[in-house]
Amino acid sequence: MSQWSQVQQLEIKFLEQVDQFYDDNFPMEIRHLLAQWIESQDWEAAANNEAMAMILLQNLIIQVDEQLERVSQEKNLLLIHNLKRVRKLLQGKYHGNPMHIAVIISNCLREERRILAAASMPVQGPLEKSLQSSVVSERQRNVEHKVSAIKNSAQMTDQDVKYLEDLQEEFDFRYKTIQSLEQNDKNSALIKQEMLALQAMLNTLDYKRKEVLSKIGRVIHEMDVLMSNMLTEELLDWKRRQQIACIGGPLHGGLDQLQNCFTLLAESLFQVRRQLEKLDELLTRLTYDGDPIPVQRPQLLEKVNFLLYNLFRNSFVVERQPCMPTHPQRPMVLKTLIQFTVKLRLLIKLPELNYQIRVKATIDNNRRFVLCGTHVKAMNMDESANGSLSVEFRHLQPKEMKTSAGSKGNEGPHMVTEELHSISFETQVCLYGLTINLETSSLPVVMISNVSQLPNAWASIIWYNLSTNDPQNLSFFNNPPAATLSQLLEVLSWQFSSYVGRGLNSEQLNMLAEKLTGQQVSYNDYQLSWAKFCKEHLPGKSFTFWVWLEAILDLIKKHILPLWIDGYIMGFVSKEKERILLKDKTPGTFLLRFSESNLGGITFTWVDQLENGDVTFHSVEPYNKGRLSALPFADILRDYKVIMADNVPENPLKYLYPDIPKDKAFGKHYSCQPNEVSKPSDGGGKGYVPSVFIPVSKILNDSTEPHSPSDLLPMSPSVYAVLREHLSPTAIETAVSCKLSHS
C-alpha cells in the first residue's frame, strides 16, 4: 500500500494535520494524482543536488502534462483549470531554484511518515497532550468569537457616529437659519419655540456624544482585555508549539487563525481611530460648555495608538525558524558559510502594506559573526500560498569574523556547540500617520563549522526547546536545568518518528530510560541532567548516550530504513531481556537489536536447543554501516549461514520474534533472489559463476558466543554446490576455519 493510501485512511484529527502543510507551493491535487510516482523518487537526495533536482522538476512537469491530457479527455473542467495553474507554478516558481521544490516535497513526505507513526502509537506523551488540550482549543474558539464580536461592535459604533454627524448637520442648519433672520424676526413666538427645539436638540447631541464616546471606550477596553490576556496567551502557545515542532513534535498550526484575529483587531482599531478623528472634526464645527469630546477624545486616541503599537509589535513573528536546506530535520543548527532559510510573517494583513515593509536581518551583537548574502528584503503577499504578508530569506550565510590576530576565533572542530546565538530582524511600519518600529528574533541557534559537530549541536537545540519556553535565553547553558524523563523520552521518540518514519513504543522507551538512569525509575518523577544526556560517557563506554543514539538514527536512515518502518526491528532491548523473550520460543526464532557496545551497530540473536534439551542463545557480531554498505541487511538475514562442528553451513534464522516466518517478514526487501546452483561453464572465458557475499559464522561446540572475526565471506551458492561434489563437509569446515583464523 502506498504511503498516500495509508494517509487517506487516517482519522480526521490526523488528516487535519496533513492538510496544514499542503498549499500552493505543493498542491495536494498533485500529491494525490501522482502518489506512486512521487514516492518512488529520491527527493531528499535531490534537495542537495541541483542537477538531480532539475531533472526531477522536468519529470514532474511531464507527469503533470500526462495527467492534464487524461483529464482533458474526461472534460473535467475544474481539474483541468487546477492542473494548468500548477504547471504554470512549477515552471515559473521553481525553474530557477529546482532544489526548493525538492526540499518542499521531501519535507511533505517526511511529515506524512511522522503523522503515520504518531497515529500508530497507542498513547500520547505528556508534551503532546499539553499542546492539544481541550483548554487550548476552547480558548482558540473564544478568541475568534470575541474578535468577531469586537468587529461587530466597532461597526455598530460607526452607525452611531454617522447618526451623530447627521444630527449635528441638522442642528447646524437650523441654528444657522435662525442666525440669518432679522433681529425683529428673532423675537417672534415661533422663533422662540424653535430656539427651545434647538436647545433640546443640543441636549440630544450632548447625550449622543457621551454615548458614542462611552461605546468607543467599551470597544477599546474589550480589545485591551483581549490583547492582554487571551490573544497574548494564544500567541505564546503558538510559539511554544513551534518550538516543539522544531524538535520533531506535532506540526504547529493555528498561525492563519491568529493572522485573522490580528488583522480583524487592527482593522477595528483603525476603524475606532477614524471614529475619533470624525469626532474631532465634529468638535471643530460645534462645541459648548461641558462638551465631552475635548476631555475624553485625547485619552481614547492615546489608548488606541498604544494598542496599535503593541498589536503590530506582537504580530511580527518568525514563521519558519532558520534551517539549512541540506539538513531540514535539524533546524536552528547553522554551519558557517552554508546558506540557510528563514521566513517571517506580519500577522496584520493589510493591502496597504504590500511591498512597503523592508526587513533587515542581522546576527548577534557581539560582532563575532556576520550574515553574508541578501539580508534586506520587502514583505509581500505574492510569494505565500495563502497570501499572507511575509518575507523569506533564502540566501543568508553566517560567517565568523577574524580576530585581531588574523585567525578565526573558534572556527574548526572545537567550536562550542552549547554556545547560543540569535538571528534578529527589524523593520518599520508607516501607516495612517503612525510610525512603528518592529523587532523580532529567531529561537536560539547553534553555529558549527564542521558537520561532525552537528549531532551535539542538535542535542543542544533539543535540550533548550524541551526545557524552556523563553525564546531568547542565550546564556541557558551556563546552568542548564534538568529535564523530566517522561518528556525527554517523548522527544526521543519524536526523533525517530520525524527522522526515520517510526516512533518508539513503551518497551523501547523503557530500555532507553534504564540506559539513561542505570535503573528502573518512575518516568513522571525522575529529573535527568544535561550532563547525563550529552556530556558523561555511558558506564564502561567511550561515548555518551546521545552519541550512541544519534549513531543508531544514522544507521537506520542510511541502511535499514524500510525494515525499521515496517516495525520488524525491536532495536532497543537489553541482552537480558532478549533472552527472556526468546527462551520459550521455537528454535530458530530471532530478533534484531541495536548494539550497546558498538556505535551504529545492529545484531541479531537467535534461540537454539542442544541435544540434551538445554536452550542456548547466539548473537552475531554487530553489523555497522561499513559492512551494510557492502550487503543489504535483508540479504544478510536471508543468506546468513552458521557452521557448527561436523556440520555443513545452514541458516539458523527461521522465525522473526515472536513467530513470523523470516521470508514473510523480509521477502519484499530482498535485493534479489539467491542464484540458482549451477556448475561453472566448461567454455571458460565468459563462463563465470556469479558470486555473492554470504555471511558465515562458525560456532564451536564448547562456546555459545559468536566468533569474533569477520562474518562476511565471498562464497556463491554455485561455488558451494561444486565444493560439495568434491569435498566432504569436514574438509569444507577445515577450509573455512583456516580462512577465519587468518582474516
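The questions and answers below concern a predicted model and take up a pocket, a helix, a cavity and a sheet.

In this predicted model, local features need pLDDT of at least 70 and side-chain atom pairs count only at pLDDT 80 or more, while totals for chains, interfaces and linings use all residues. Residues are numbered from 1 along each chain as its sequence is written, and side-chain values use heavy atoms, with hydrogens and water left out.

Reader: Between which domains does the second largest pocket lie?
Author: A pocket is an open set of points on a 1 Å grid over the protein atoms alone, with protein on both sides within 12 Å along at least five of seven lines, and its lining residues have an atom within 4 Å of a point. The second largest pocket holds about 890 Å³ of space, a volume being the space filled by probe spheres set on points joined across faces, edges and corners. Of its 25 lining residues, those closest to the centre are Q3, Q6, E39, R113 and I565. Because residues of both contribute to the lining, under bounds from an automatic or database domain assignment, the pocket lies between domain 1 (3-120) and domain 4 (506-669).

Reader: Which helix gives the largest share of the lining of the second largest pocket?
Author: Helices are DSSP runs (H or I, at least four residues), as strands are (E, at least two), numbered from the N terminus. At least two lining residues come from each of α1 (3-8), α5 (43-46), α8 (98-120) and α19 (545-565). The largest share, 6 residues, is that of α8.

Reader: At which residue does α12 bend?
Author: Helix α12 (residues 189-246) has 58 residues and should span 86 Å, at 1.5 Å times one less than its number of residues, which agrees with the 82 Å between its end C-alpha atoms. Taking the angle between axes fitted to the seven residues ending at a residue and the seven starting there, α12 bends by about 45° at M227.

Reader: Which helix supplies the largest share of the lining of the largest cavity?
Author: A cavity is a set of grid points where a 1.4 Å probe fits but cannot get out, and the largest cavity holds about 50 Å³ of space. Its lining consists of M227, L231, T232, L235, F262, N310, L311 and N314. The largest share, 4 residues, comes from α12.

Reader: Which strands stand at the edges of the sheet ordered β2-β11-β8?
Author: The 3 strands form an open sheet with mixed pairing, where two strands pair if DSSP finds at least two bridges between them. One side of each edge strand is left without a neighbour, because each has a single partner strand, and these are β2 (333-335) and β8 (420-421).
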